[in-house]
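Reader: I'm new to this one and a bit lost. Could you take me through a single part of it, the surroundings of the RNA, and then show me what else is worth a look?

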Amino acid sequence: MSKIKIVDIFNRKYPTGSQVTVHGWIRTRRDSKAGISFLTIYDGSCFSPIQAVVPNTLENYVSDVQNLTAGCSVKVVGQLVESQGKGQEFEIQVTNIVVYGFVEDPDTYPISAKRHSIEYLREHAHLRPRTNIIGAVTRVRNCLSHAIHNFFYDNGYNWISTPIITGSNCEGAGDMFRVSTLDMENLPRTAQGGVDYKQDFFAKETFLTVSGQLNAETYACSLSNVYTFGPTFRAENSHTSRHLAEFWMVEPEIAFADLEDAAQLAENLLKYVCKAVLKERADDMAFFTQRIDKNSIKRLETIINSVFVHMDYTDAIEILKNCKKKFEYPVQWGIDLHSEHERYLAEEHIGAPIILKNYPKDIKAFYMKLNEDGKTVAAMDVLAPGIGEIIGGSQREENLEALDKRLKEMGLDQSDYTWYRDLRKYGTVPHAGFGLGFERLVSYVTGVQNIRDVIAFPRAPGSADF
RNA sequence: UCCUCUUUAGCUCAGUUGGCAGAGCGACGGACUGUUAAUCCGUAUGUCGCUGGUUCAAGUCCAGCAAGAGGAGCCA
């Protein structure tokens, strides 16, 4: 008698006739007057639940089995057999059942067997992993996460755990959360009346990171190929279906590489992880396709089988100018593209992910490599239909003189970037990288439209429950 | 931060011209059944988001507030 995972039953790890023990939770109970009850039990190991057939001859049939409702936790022991009924391959003929926990007041149990709105589930974030949809999202997310690590490991990348707490407030990617142990009710003051951060824990102002890129660059400039994969924090008041205050980001950084290398890496990575999901989570993807978004599987196949379209910003502007579509924001060279423009390019003009490259320098960050035209930088965005920017990256400016010029142009202080500038002083190399929003990837892959439903406990402005 | 929409039973939602608070599902009780989101019969369930106003009368009209959702901006 072995304690097993339900997934291994469907993987035929145990021959029919085996004695098995399954631990899990009740999805539904159906009683038959033939003297048996049918339980569907899930343990999270795969999408499908297992059916357990419980005879009324068990001594706790009336006291326990007859009182089982959705959400009760049980152990069932019995023989694995081919199902006598239609609808499932296998079932367990139960000889012993133990109830660990009943559901107190089933009438008010928030997760009934019926369908709930995704917003309702979000308000019960501690119970929603019990649902089909969040269970499936969780397994796909896990699969994507492992696929990312596998991809980089197989290609010789080192995973760098860059710091969560940063003393640099010049990472340049948005508003930051302050990290402090100072007593907010009684702040220490300098002689000038400002807050005296010398008395704070790190003896300076500190924040939560908005990007691991600058730190990752230091390791790329010695280990050649590295990546970070960790939490990222942005204190922006964004109230949309694709922003979180706390999210996970994948940031590869490659040395002796240019923008084209980074673009190729992005394409290879996306194709690799999509293949992994199709192969390893076919059950969950079938569910998403059936119930959430009928294009879920097709979308992955499109990514895998297509060559990503590359397009220069300058050409994109021409396409937008010459297309018949009316935009709210007028198009001209030099503007930052708006959602409506990116959507048109990815969804209508191409209909697949598109890599936009070489943006005007004035709308991009200081560290991006200035192109020979002197007007554009070697930046790229990967735009996915339906979700927008899923990857943003660039070749980095490796020339110290050019970097300093850009810092000055943008009103930034050289002295804040001492260690970053050192990389250009001592054996500088051309290098490039990008950031992939992990939750945006999970959202895109599953078809679950709100990013708050693809992370366990979403943090957003005005919302940090659980 | 701006614009739009939503808020009625445990859940999903109807509620007409201002006139007795409704349905489906779930829960509970029963019937039936190797069942499949079972089916059939029955029962109970309400601060109509909150506060104020108009009216003989407000779920419905008006004002304010709150929460949620979608879009914009910012970005991943």
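How do the residues of the surface near RNA strand B divide into nonpolar, polar and charged?

Author: Quick housekeeping to begin with. This is a predicted model, so be aware that local features need pLDDT of at least 70 and side-chain atom pairs count only at pLDDT 80 or more, while totals for chains, interfaces and linings use all residues. Residues are numbered from 1 along each chain as its sequence is written, chains are lettered from A and ligands numbered from 1 in the order in which they are written, and side-chain values use heavy atoms, with hydrogens and water left out.

Now your question. The surface near RNA strand B has 12 nonpolar, 22 polar and 18 charged residues. Nonpolar covers Ala, Val, Leu, Ile, Met, Phe, Trp, Tyr, Cys and Pro, charged covers Asp, Glu, Lys and Arg, and the others, Gly among them, are polar. In total, 52 residues surround the RNA strand, and the closest are K86, E91, D107, T240 and R440. To be near, a residue needs one of its heavy atoms within 4 Å of the strand. As for the RNA side, sugar and phosphate make up 48% of the atoms of RNA strand B that come within 4 Å of the protein.

Let's zoom in on some atom pairs there. R30 has a polar side-chain atom 2.8 Å from a phosphate oxygen of RNA strand B. E389 also points a polar side-chain atom at the RNA, with 2.9 Å between that atom and a phosphate oxygen. N237 goes about it with its backbone: an N or O atom there lies 3.2 Å from a base oxygen of RNA strand B.

From here, have a look at the strands. Helices (H or I, at least four residues) and strands (E, at least two) are DSSP runs, numbered from the N terminus. Two strands pair if DSSP finds at least two bridges between them. Take β3 (residues 36-42): five of its seven residues are buried, so this strand is largely enclosed by the rest of the structure. (Buried means under 20% relative accessible area, exposed over 50%, and partly exposed in between, with a 1.4 Å probe and protein chains only.)

β3 pairs with β2 in the antiparallel sense over seven bridges. Within that pairing, S32 has I36 of β3 as its bridge partner. β2 and β3 form a hairpin with three residues between the strands, and in that hairpin G35 takes a positive phi near 100 degrees. β3 is also joined to β4 (residues 50-55), by six bridges, and those two run antiparallel as well. There, S37 is matched with V54 in β4.

Further along the chain you'll find an open sheet of three strands, in the order β8-β10-β9, with antiparallel pairing. β8 (165-166) and β9 (178-179) are the edge strands, each with a single partner, so one side of each has no neighbour in the sheet. β9 pairs with β10 (residues 206-208) over two bridges, and R178 stands opposite F207 in β10.

A couple of backbone oddities are fun to spot, too. Most residues other than glycine have a negative phi. R12 is not a glycine, yet its phi is positive, near 60 degrees. You'll find R12 in the loop between α1 (6-10) and β2, and it counts as exposed because its relative accessibility is 54%. F256 is another non-glycine with a positive phi, about 50 degrees this time. F256 sits in the loop between β12 (246-255) and α5 (259-280), and at 62% relative accessibility it counts as exposed.

For a charged residue that is tucked away, try K357, in strand β14 (residues 354-360). K357 is buried, with a relative accessible area of 8%. The side chains of K357 and H310 are joined by a polar contact of 3.3 Å. (That means a pair of N or O atoms within 3.5 Å; within protein, one must be able to donate a hydrogen and the other to accept it, and residues adjacent in sequence count only if both atoms are side-chain atoms.)

Last stop: D105, in the loop between β6 (90-101) and α2. D105 is partly exposed, with a relative accessible area of 43%. If you want a feel for distance, the C-alpha atoms of D105 and Y359 are separated by 59 Å, with the two residues 254 apart along the chain.
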